[in-house]
Protein chains: 2
Amino acid sequence: MNQLDATFAALADPTRRAILARLMDGEASVMELAEPFAMSQPSISKHLKVLENAGLISRGRDAQRRPCRLEAKPLAEANDWLERYRKIWEGNYQRLDVLLAAMQAKKAAGDAEQ
Amino acid sequence: MNQLDATFAALADPTRRAILARLMDGEASVMELAEPFAMSQPSISKHLKVLENAGLISRGRDAQRRPCRLEAKPLAEANDWLERYRKIWEGNYQRLDVLLAAMQAKKAAGDAEQ
């Protein structure tokens with residue numbers, strides 16, 4: 001499995017995305033990460049394993065806490081991949097803007113006639 | 001499964017990403033999409049089904065060709081989600097830049113002393 005496969009697969013789960021969002025604020029232990037979820041620590045640990053295997057988080061060496069830390073590089077690569085599509089969706093929005101402007105101009109012309 | 005789950009799961013496969021990349025250039029039939037891959041049409045059709053269920057592509061009504069078309073909105077939403085992390089990785093790069101500048105300054109000072 002290549003890095004992009006692993007990154008996107010890891011992101012395809014709301015709990016894992018919420019964990020990453022929490023780690024944006026800084027390191028956290030498994031217990032701290034489990035707190036906001038109605039989930040057992042072993043369930044959270046499984047999600048952390050997926051994130052760690054995908055390289056999206058790393059674990060600290062402190063044997064007790066093993067704090068989790070966000071690793072942003074694979075996220076940046078996934079973002080780069082998606083960025084290539086930006087011109088497509090921005091193109092779509094621009095076409096929609098032109099259409100809306102044309103409709104508004106037509107409506108204004110109709111209003112003026114009345 | 002919510003939209004982000006479906007989008008990221010659909011993106012977690014190199015063939016599906018290559019299909020989306022091909023569709024950036026415009027609509028294509030299953031046969032045209034299968035061409036560059038050493039894969040049967042049924043295998044490609046399975047991938048298309050995943051992409052269609054995730055809302056990343058739509059199929060035309062022409063019964064013979066049923067051309068595939070890229071739907072950019074879910075990609076834009078996935079991109080928006082990842083964008084939130086940009087400040088993290090850009091922060092990391094900036095810290096790295098500062099570190100490199102400090103190392104170079106130290107090296108320059110050392111060279112000057114010799």
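A salt bridge is a side-chain nitrogen of Lys or Arg within 4 Å of a carboxyl oxygen of Asp or Glu. In the predicted model shown here, B:Lys73 forms such a bridge with B:Glu77, and their closest N and O atoms are 3.2 Å apart.

**Salt bridges**

Side chains of opposite charge can pair when their charged atoms come close. Over all chains, a search of the whole structure finds 8 salt bridges. Three of them are described here, beginning with the pair named above.

B:Lys73 and B:Glu77 both belong to helix H5 of chain B, which covers residues 73–83. The two residues are 4 positions apart, or about one turn of the helix. B:Lys73 has a relative accessibility of 55%, so B:Lys73 counts as exposed. B:Glu77, at 32%, counts as partly exposed.

Chain A has a salt bridge between the side chains of A:Lys73 and A:Glu77, with 3.2 Å from N to O. These residues are 4 residues apart in helix H5 (residues 73–83) of chain A, and therefore separated by about one helical turn. A:Lys73 is exposed, with a relative accessible area of 53%, while A:Glu77 is partly exposed at 30%.

A third salt bridge pairs A:Asp5 with B:Arg17, whose closest N and O atoms are 2.8 Å apart. A:Asp5 is in helix H1 (residues 3–11) of chain A and B:Arg17 is in helix H2 of chain B, so this pair joins two chains. Both A:Asp5 and B:Arg17 are buried.

| Salt bridge | N to O distance |
|---|---|
| A:Asp5 and B:Arg17 | 2.8 Å |
| A:Lys73 and A:Glu77 | 3.2 Å |
| B:Lys73 and B:Glu77 | 3.2 Å |

**How the two chains are arranged**

A turn of 180 degrees and a shift of 0.1 Å along the axis lay chain A on chain B with an RMSD of 0.2 Å. The two copies are thus related as by a two-fold rotation axis. Of the interface residues of chain A, 100% are also interface residues in chain B, so the copies meet through the same surface.

B:Arg84 gives another example of contact between the chains: B:Arg84 touches A:Ala21 and A:Met24, leaving aside residues up to four places away in sequence. B:Arg84 lies in the loop between H5 and H6 of chain B. With a relative accessible area of 41%, B:Arg84 is partly exposed. The C-alpha atom of B:Arg84 is separated by 25 Å from that of B:Leu51, and the two residues are 33 residues apart along the chain.

**Helix H2 and its surroundings**

In chain B, helix H2 runs over residues 14–23, and its buried residues include B:Thr15, B:Arg16, B:Arg17, B:Ile19, B:Leu20 and B:Leu23. At the start of this helix, a side-chain oxygen of B:Asp13 comes to within 2.9 Å of the backbone nitrogen of B:Thr15.

In chain A, the buried residues of H2 are A:Thr15, A:Arg16, A:Arg17, A:Ile19, A:Leu20 and A:Leu23. A side-chain oxygen of A:Asp13 reaches to within 2.8 Å of the backbone nitrogen of A:Thr15 at the start of the helix.

A:His47 is placed in helix H4 (residues 41–53) of chain A. The side chain of A:His47 makes a polar contact, at 3.2 Å, with the side chain of A:Arg16. Apart from residues up to four places away in sequence, A:His47 touches A:Asp13, A:Thr15, A:Arg16, A:Ile19 and A:Met39. Buried means under 20% relative accessible area, and A:His47, at 13%, counts as buried.

After H2 of chain A comes the loop that holds A:Ser29, between helix H2 (14–23) and helix H3 (30–34). A:Ser29 counts as buried at 8% relative accessibility. Not counting residues up to four places away in sequence, A:Ser29 touches A:Arg65 and A:Pro67. A:Ser29 and A:Cys68 are 39 residues apart in sequence, yet 6.0 Å apart in space from C-alpha to C-alpha.

**A nonpolar surface patch**

On the surface, B:Leu99, B:Leu100 and B:Met103 form a nonpolar patch, and together they have about 300 Å² of accessible area. B:Leu99, one of these residues, is located in helix H6 (residues 86–113) of chain B.

Notes. Residues numbered from 1 in each chain as written. Chains lettered and ligands numbered in written order. Predicted model: local features only at pLDDT ≥ 70, side-chain atom pairs only at ≥ 80, totals over all residues. Heavy atoms only, no water. Patch = residues over 30% accessible without salt bridge, like charges linked within 9 Å, V, L, I, M, F, W, Y side chains within 5 Å. Areas by Shrake-Rupley, 256 points an atom, 1.4 Å probe, with all protein chains shown as cover. Buried < 20%, exposed > 50% of the residue type's maximum accessible area, 1.4 Å probe, protein only. Polar contact = N/O pair within 3.5 Å; in protein donor to acceptor, adjacent residues only side chain to side chain. Least-squares fit on C-alpha atoms with pLDDT ≥ 70 in both. Contact = heavy atoms within 4.5 Å.
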